[in-house]
Amino acid sequence: MTMIKFQHIMSNEIGKRAFMSRPPEPPVSALLNDPIQSIFIGITKLFRVPFTWSYLNLTNPHISVVGISGSGKSYFVKTFLLRASYVWNSNAVIIDWAGEYKSWVNQSGGTVISLAKGDYMNIMDLSGMRPLDRTKQIITSLEILTDITEYPEQRRLTEEAIEQSYLNAGFSTSDIPPPGKDAPTLKDTIALLQEHLQEGTYQYPAELENTIYRLRQFAREGEDYFARKSTLDIGKLASSGLVDIDLSGLADDKFRAMAALFILQTLKEKMRSEGAMESKGLKTIVVLDEAWKVASDGKSDAVTIVREGRKYQFALLVASQNPTDINEAIFSNVGTTFILRVKFEKFMDYLQGSLNFSNYIKSEISEFGVGQAAVVMAFQTTLKFPETFILERVKGEEPLHIYTLDFSDVLVQSEITSTVVQREYQFEREELKNLLIEYNIKDSEINAIIAYMDEKERTVKILDFVTMMRQHGAEVSHIIELLRRIGLSDVLITRIVSGSGEQ
Ligand SMILES: Nc1ncnc2c1ncn2[C@@H]1O[C@H](COP(=O)(O)OP(=O)(O)OP(=O)(O)O)[C@@H](O)[C@H]1O
Ligand SMILES: [Mg+2]
């Protein structure tokens with residue numbers, strides 16, 4: 001048994017002990033905010049304080065999240081957006097590079113816009129902007145995505161042709177456009193340049209040809225996602241609740257970046273023109289997850305949103321596996337950084353160098369599991385206290401995942417129309433998993449069954465389900481037990497067992 005011993009010690013010696021003089025966590029008053037004006041994220045590791053995030057005591061509301069694949073970045077983003085919508089009724093626009101938020105947004109009752117899969121965006125749409133300003137924005141996007149900066153003459157030709165297309169469509173280039181009037185498209189601009197080339201009067205035809213070639217990349221048949229009449233009102237995105245813009249259907253990263261830049265430009269204009277709200281809280285959260293080029297180029301409007309967002313209650317939430325992909329002007333100016341698990345030494349050194357945390361925090365980060373995070377905050381106070389701390393785990397909430405077994409394939413007509421025969425059974429994901437575990441199905445097999453059901457949008461016919469179970473090692477006696485448990489009659493069970501599995 002260990003005895004506790006009392007020791008005589010001078011207070012200056014106690015003072016030298018780092019844990020007494022400077023605990024590596026901000027004071028409770030900085031972490032625990034008014035619960036109806038803040039977002040609960042998790043419990044701090046050291047003093048177990050519930051950390052509720054608010055930007056009111058921070059330099060700004062912007063957030064960056066870094067961590068390796070699977071560390072929990074998207075999980076954090078979802079948790080944050082959901083709670084922000086409860087607390088402040090915040091809108092969110094997710095620029096979804098890989099389409100990974102789609103099913104979550106659908107389940108949460110938000111809107112999914114799948115570009116190139118039925119939805120199009122005309123990058124010449126004005127959303128209330130003057131054609132001159134929109135023209136400048138298109139040129140900026142071309143500067144970020146193509147080599148146009150190296151060819152001033154081609155840049156000039158492009159700019160003039162875009163402006164001319166607006167004039168030809170009946171717009172005045174320096175006036176706010178009348179509502180409801182259709183904007184021209186890049187196809188009109190290309191046609192103008194082609195006419196110019198065919199006239200044969202222009203001194204440098206090669207410059208014209210290259211100008212046309214560059215624009216045509218964004219207007220080619222089958223890849224003309226940005227050169228058709230828009231199927232959505234981009235101007236309304238910032239105030240439409242939870243919106244996911246799924247870019248995964250676009251043919252390559254250049255198109256994804258074009259879409260993302262255009263959306264950011266439009267959101268920035270809305271942010272400026274609509275001004276601030278009366279109430280506290282965030283009006284709109286713009287999420288950039290793994291957005292190649294868009295977060296790294298200083299000319300991107302992600303930077304403008306970071307500079308000006310606070311006064312308009314607009315927040316940028318940028319997530320990346322690679323912190324060096326986030327532009328300095330964004331990274332060093334966000335009010336909060338969440339560092340999840342980081343593996344590469346060079347990323348860790350970069351993070352430590354720019355965020356200035358201790359070796360203690362560094363060693364903790366290198367041992368993180370999923371969802372564990374170090375948080376670095378830029379407080380708006382002259383008081384000196386640590387601005388970095390460890391969160392035991394991001395405590396999230398995901399919406400329920402409902403899986404449906406559809407019995408219609410084994411019911412006869414009279415049963416289908418009957419009001420007493422059960423036609424389907426629903427499980428929550430964890431419940432289904434637990435049931436499969438009970439019947440001795442291995443983890444990897446369970447994951448395969450769940451993945452198959454996910455592919456079928458979580459609804460499968462009972463025969464397919466039972467066939468799947470048999471293929472993944474379930475015994476017939478267990479399957480029968482499971483079917484009884486969900487309330488099926490012996491007659492139906494016989495039909496199901498004899499109808500499945502023979503493949
Ligand atoms: N805090 C958490 N609590 C519980 N589960 C979590 C937590 N964070 C992440 N997970 C789970 O871990 C898995 C990976 O998380 P997530 O998809 O958020 O990773 P990611 O960092 O976005 O990865 P990628 O870079 O590949 O997109 C998911 O199944 C998620 O539900
Ligand atoms: Mg992710």
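**Exercise 1. In this predicted model, determine which residue of strand S6 isoleucine 94 stands opposite, and how strand S4 is joined to S6.**

Solution.
Step 1. Isoleucine 94 stands opposite aspartate 244 in S6.
Step 2. Isoleucine 94 belongs to strand S4, residues 91–96, and five bridges join this strand to S6.
Step 3. The two strands, S4 and S6, run parallel.

**Exercise 2. Determine how many bridges join strand S5 to S6, and in which sense the two run.**

Solution.
Step 1. Strand S5 comprises residues 111–114, and four bridges join it to S6.
Step 2. S5 and S6 run parallel.
Step 3. As a point of register, threonine 111 stands opposite valine 243 in S6.

**Exercise 3. Establish which way each residue of S6 points, and why the strand is described as largely enclosed.**

Solution.
Step 1. Leu242, Asp244 and Asp246 point one way from S6.
Step 2. Val243 and Ile245 point the other way.
Step 3. A residue is buried if 20 or more other C-beta atoms lie within 10 Å of its own.
Step 4. Five of the five residues of S6 (residues 242–246) are buried, so the strand is largely enclosed by the rest of the structure.

**Exercise 4. Place S6 within its sheet: state the order of the strands and identify which strands stand at the edges.**

Solution.
Step 1. The sheet is open and is formed by 11 strands in the order S2-S1-S11-S10-S9-S3-S8-S7-S4-S6-S5, with mixed pairing.
Step 2. Strand S2 (50–53) and S5 stand at the edges; each has a single partner strand, so one side of each is left without a neighbour in the sheet.
Step 3. On average, neighbouring strands of this sheet are turned by 25 degrees against each other, direction ignored.

**Exercise 5. Describe the pairing of S7 with S8, and state which strands helix H10 lies across.**

Solution.
Step 1. Strand S7 (residues 284–289) pairs with strand S8 (residues 314–320) in the parallel sense, over six bridges.
Step 2. Within this pair, aspartate 289 stands opposite alanine 319 in S8.
Step 3. Helix H10 (residues 253–274) lies across S4, S6, S7 and S8.
Step 4. H10 runs at about 160 degrees to S4.

**Exercise 6. Characterise the shell around ligand 1: which residues come nearest, which element gives the largest share, and what is the composition by class?**

Solution.
Step 1. There are 15 residues around ligand 1, of which Ser69, Gly72, Ser74, Tyr75 and Gly371 come nearest.
Step 2. Helix H4 (73–88) and strand S11 (388–394) are the elements that give two or more residues to this shell.
Step 3. The largest share, three residues, comes from H4.
Step 4. By class, the shell has three nonpolar, nine polar and three charged residues.

Notes. Residues are numbered from 1 along each chain as its sequence is written. Chains are lettered from A and ligands numbered from 1 in the order in which they are written. This is a predicted model: local features need pLDDT of at least 70, side-chain atom pairs count only at pLDDT 80 or more; totals for chains, interfaces and linings use all residues. A residue is buried if 20 or more other C-beta atoms lie within 10 Å of its own, exposed if 12 or fewer, and partly exposed in between; C-beta atoms are placed from the backbone. Two strands pair if DSSP finds at least two bridges between them. A residue is near a molecule or strand if its C-beta atom, placed from the backbone, lies within 6 Å of it. Ala, Val, Leu, Ile, Met, Phe, Trp, Tyr, Cys and Pro count as nonpolar, Asp, Glu, Lys and Arg as charged, and the others, Gly among them, as polar. Axes are lines fitted to C-alpha atoms, for helices over the stretch in contact, and angles run from 0 to 180 degrees between N-to-C directions. Two residues are in contact if their C-beta atoms, placed from the backbone, lie within 7 Å.
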